[in-house]
Amino acid sequence: MIPFSPPRLDQKTVDEVSKVLLSGWITTGPRTKEFEVKLSEFLGARKTICLSSATAGMELVLRWLGVKEGDEVIVPAYTYCATANVVVHCGAKPVMVDINTKDFNISVEEIKKNITEKTKAIIPVDIGGLPCDMDEIMDLVQQTDVVSKFNAQTEVQEQLGRILVMSDAAHSVGASYKGKKVGAISDFTVFSFHAVKNLTTAEGGAVCMNLPESFDLDAVYQNLNVMSLHGQSKDALAKSKIGNWRYDVSEPGYKCNMMDIQAAIGLVELERYPETLERRREIVQYYDERFKQKEWAIRPLFEDEEKTSSFHLYLLRVKGANEAQRDQIMSKIFEKQVSVNVHFQPLPLLTAYKKRGYQMADYPKAFGAYENEISLPVYFNLTDDNIKTVIDVVIESVEEVIG
Ligand SMILES: *Cc1c(COP(=O)(O)O)cnc(C)c1O
């Protein structure tokens, strides 16, 4: 069976993790801090904090902004549930909007139509690793009519004076937009290092900060850091120093710090990430070469004059296939020992969001993208032979079902 997305872990990873395990310090400490600095360098961010997941990072940022009941946060209907779940956790309403036809990303036109006096944040998601239309989104939140609608209710919101843009960049480590890395554009950019992502720490995430100049990013970092550890004024490492045991708790915070064990994995991953990305690019080029010849294949966008993807997912679409046919094609692919996936079931298809009144019919483009989508394996250790097998099996299976 060709797996869908196994992590790239080897003896080097094992050695680095072993060093941490035997070092006497296994939770948040020197390796995590080193990983944060190296991520900032690589991603072009002014400041980065590592946490236990992207989900935790997104929620901490929304809490920092003071998002609460009565507020709205704009999210795409086409994403993983985490993007909207964090909004619900804060008691606010996720306002779902439809996507583009040229790619799987949130439509700026739709964002515009859905901004109200209650909108506190927008969460664009770089689906498959392709950056969203960031200039348009950053311009939109700074337009006079949009700014004048903004209703600041906390000190932070007052200081920002406009809707916050927090990118869900779970897929897009290393992607770029108009010469800038994803991580250097939005107010906050949140990355995921979950096991299936391009760069993994098993579980983990990072928040890159690029707020306007009026914000003291060291203070924002400090705030998020404290809130990731119960609101405790000192972390375990600081408390372990002589005579430094006493601490205070300023606010009942959360518990979502990254461990040095995880950071050790991440540091190995980051060091060889350029090579990882290059291999991913090669794989999608192989796929493109072959699927270009198939009239039924709608290939995903990876690159244009403005954007370069991180090649996270190969989101193949089968022209004309409906949901049942797509499922049938997938079963046939699995029967031939190749693992594939669907990214994503739009949120209105999920019980949690159906129950909250969201209807799939309101997002025709998201449904259209979902109903005939099949994600193909893309990962460093996928061999050239594997790629050929995947392509042959996919073509065979599609043609068996849609003729
Ligand atoms: C994986 C993923 C997340 C969640 O990342 P975690 O690190 O597991 O919290 C969020 N958004 C998208 C689009 C994802 O694919």
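**Close-up views of a predicted model**

**View 1. Strand E10 meets strand E12.** Two bridges connect E10 with strand E12 (residues 314–318), and these strands run antiparallel. This is a predicted model, so please read each view with that in mind. One residue pair to look for is Ala297 and its bridge partner in E12, Val318. Helix H12 (residues 273–291) packs on the sheet and touches E10, E12 and E13. The direction of H12 makes about 15° with that of E12.

**View 2. The whole sheet, with its edges in sight.** Here is the open sheet of three strands, in the order E10-E12-E13 and with antiparallel pairing. Strand E10 (297–298) and strand E13 (373–376) stand at the edges; each has a single partner strand, so one side of each is left without a neighbour in the sheet. Helix H13 (residues 323–335) lies across E12 and E13, and runs at about 25° to E13.

**View 3. Helix H1 and its two sides.** Helix H1 covers residues 11–23, and its 13 residues should span 18 Å at 1.5 Å a residue; the end C-alpha atoms are 18 Å apart, which agrees. Which residues of H1 are buried? They are Thr13, Glu16, Val17 and Val20. These residues cover an arc of only 95° around the axis, which puts them on the same side of H1. Turn to the other side of H1 and you will find Gln11, Lys19 and Leu22 exposed. The packing partners of the buried residues of H1 are helix H2 (30–43) and helix H11 (260–271). Just past the end of H1 comes Gly24, with a positive phi of about 95°.

**View 4. Helix H2, a packing partner of H1.** With 14 residues, H2 reaches 20 Å from its first C-alpha to its last, close to the 20 Å expected at 1.5 Å a residue. Its buried residues are Arg31, Thr32, Phe35, Glu36, Leu39, Ser40, Phe42 and Leu43. After H2 comes Gly44, where phi is positive and near 70°.

**View 5. Ser172 in its loop.** The loop between strand E5 (164–168) and strand E6 (176–177) holds Ser172. Is Ser172 buried or exposed? Its relative accessible area is 0%, so Ser172 is buried; the cut-off for buried is under 20%. What is Ser172 in contact with, leaving aside its neighbours within four places in sequence? The contacts of Ser172 are Asp126, Gly129, Val182, Phe191 and Ser310.

Key
Residues are numbered from 1 along each chain as its sequence is written. This is a predicted model: local features need pLDDT of at least 70, side-chain atom pairs count only at pLDDT 80 or more; totals for chains, interfaces and linings use all residues. Side-chain values use heavy atoms; hydrogens and water are left out. Helices (H or I, at least four residues) and strands (E, at least two) are DSSP runs, numbered from the N terminus. The expected span of a helix is 1.5 Å times one less than its number of residues. Buried means under 20% relative accessible area, exposed over 50%, partly exposed in between (1.4 Å probe, protein chains only). The arc is that of the directions from the helix axis to the C-beta atoms. Contact means heavy atoms within 4.5 Å. Two strands pair if DSSP finds at least two bridges between them. Axes are lines fitted to C-alpha atoms, for helices over the stretch in contact, and angles run from 0 to 180 degrees between N-to-C directions.
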